[in-house]
Amino acid sequence: MNGPGASRAYATLVPTCLVLCGVLVVFGFSGRGLLSTMPWTATDSLFFFAATVVALFGGFLVLARLLPVAPLQLGLYAVAALGIAAGQGLALLVVAAFALSCEQIGNTLCKGLRIDPDTGAGITPFLVGAGAFGLLLGLLAYLPINTPGLYAALVLLPLLLSRGAVLQRARSWFGSPLPGTTQARGFEPVMAALLAFAVVHFLFALMPELGYDALAMHLFVPSQLYHLGRWGFDPQLYAFALMPMLGDWLFSVGYMLAGETGARLVNLLFTYALSYQGYRLVLFLGGDKGPRPWPRCCSLPRP
């Protein structure tokens, strides 16, 4: 459906969906005890959570008017600033090096397998490289040689072998807009909302882990690799010892080099990657990549 009717339907559907999603988020947080896992311990945690989201949303709208950068760069600036302010600069550096290393491994494998490397956002080579990296770590987990030094060498080796491409890629993250992105100046409020929730997830990742599943398994595996140098594949000791654990091997990179926060940030990195894959799926199914008309009440004046 095209024309004025489609614009009116879109202008009604989008705010309705946003309000419905907000109601579901509030209902889920209030009914499942998730507020106890938030980085606020006051009784009015939901208020502080909402205030943080609103503050980030407004901050991104203001910064979008002041800084001539793309939305993804704006989000990276915010994450870098908050991470450094929280004293987690090393963890950020480790995760960035891990992402670049996986992308370089993936580029090499994609070229060898004649797969489109998707050099714009780099998600395809990153995921391919991460799979290969995790496979290698899973094999090394049998041997008592898993140390921070070995993991650092494995991360740095692809970077050293592709120094020029790595430096160019790193500059693109914080320099010129990434291919396929638009300038942040005047971008729509929906982008500011997405960035706000993405940064909230990042703030959660900086907090200590409270989830039982993560503490009992997903952090237990890398901690054993760190302290014992290997993982014991013995189902008589651990029921999950023979389960596929590609994710746990990858979390081990962050854990070895930057502790629990590093592991949580590696997990968040894949959450961001899968979110972008969802965006690509929408485009694959016929979604519109260009801007859509927003209701007048939600639109920002263009400079």
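Okay, let's start with the aromatics: Phe-98, Phe-126, Phe-133 and Phe-270 come together as one aromatic cluster. Keep in mind as we go that this is a predicted model. Across the structure there are 11 aromatic pairs. One I'd like you to look at is Trp-231 with Phe-240: the ring centres are 6.1 Å apart and the planes sit at 15°, so this pair is stacked. And are those two residues buried or exposed? Both Trp-231 and Phe-240 are buried.

Right, the overall fold. The chain has 11 helices and 0 strands. So if you read the elements off from the N terminus, you just get α-α-α-α-α-α-α-α-α-α-α. Of the 303 residues, 37% count as buried. As for contacts, take those in the chain with a separation of 6 or more: 72% of them are between residues 24 or more positions apart. The accessible surface comes to about 16,900 Å², and carbon and sulfur atoms own 70% of that.

Now, how confident is the predictor? The average pLDDT over the chain is 81, with 79% of the residues scoring at least 70. Where is confidence lowest, and where is it highest? The low end is helix α1, residues 4-31, with a mean of 69, and the high end is helix α6, residues 148-161, at 95. Then there's the stretch over residues 178-186, where pLDDT is below 50; the model still gives this stretch 31 contacts beyond near neighbours in sequence. Residues 293-303 also stay under 50, and there the model has 22 contacts beyond four places in sequence.

Cysteines, quickly. How many disulfides does the model have? The count is 0. Two cysteines to click on are Cys-102 and Cys-110. Cys-102 is buried, at a relative accessible area of 0%. Cys-110 is buried too, and its relative accessible area is 0%.

Let me finish with two loop residues. Glu-209 first: you'll find this residue in the loop between α8 (189-205) and α9 (212-218). Its relative accessible area is 18%, and the cut-off for buried is under 20%, so Glu-209 counts as buried. What does the side chain do in there? A polar atom of the Glu-209 side chain lies 2.7 Å from the backbone nitrogen of Gly-211. Setting aside residues up to four places away in sequence, Glu-209 touches Ala-214, Leu-215, Leu-219, Glu-260 and Arg-264.

The other one is Pro-144, in the loop between α5 (123-140) and α6. You may remember α6 as the helix with the highest confidence in the chain. Pro-144 has a relative accessible area of 58%, and exposed means over 50%, so Pro-144 is exposed. Which residues is Pro-144 in contact with, leaving aside neighbours within four places in sequence? Those are Gly-229 and Arg-230. Look at the Arg-230 contact in particular: the two residues are 86 apart along the chain, yet their C-alpha atoms are separated by 4.7 Å. And while you're on that part of the chain, Trp-231 is the one from the stacked pair with Phe-240 that I showed earlier.

Definitions and conventions: Residues numbered from 1 in each chain as written. Predicted model: local features only at pLDDT ≥ 70, side-chain atom pairs only at ≥ 80, totals over all residues. Heavy atoms only, no water. Phe/Tyr/Trp six-rings, centres within 6.5 Å; stacked < 30°, edge-to-face > 60°. Buried < 20%, exposed > 50% of the residue type's maximum accessible area, 1.4 Å probe, protein only. pLDDT = per-residue confidence, 0-100. Helix = DSSP H or I, 4+ residues; strand = E, 2+ residues; numbered from the N terminus. Contact = heavy atoms within 4.5 Å. Disulfide = S-S within 2.5 Å. Areas by Shrake-Rupley, 256 points an atom, 1.4 Å probe, with all protein chains shown as cover. Polar contact = N/O pair within 3.5 Å; in protein donor to acceptor, adjacent residues only side chain to side chain.
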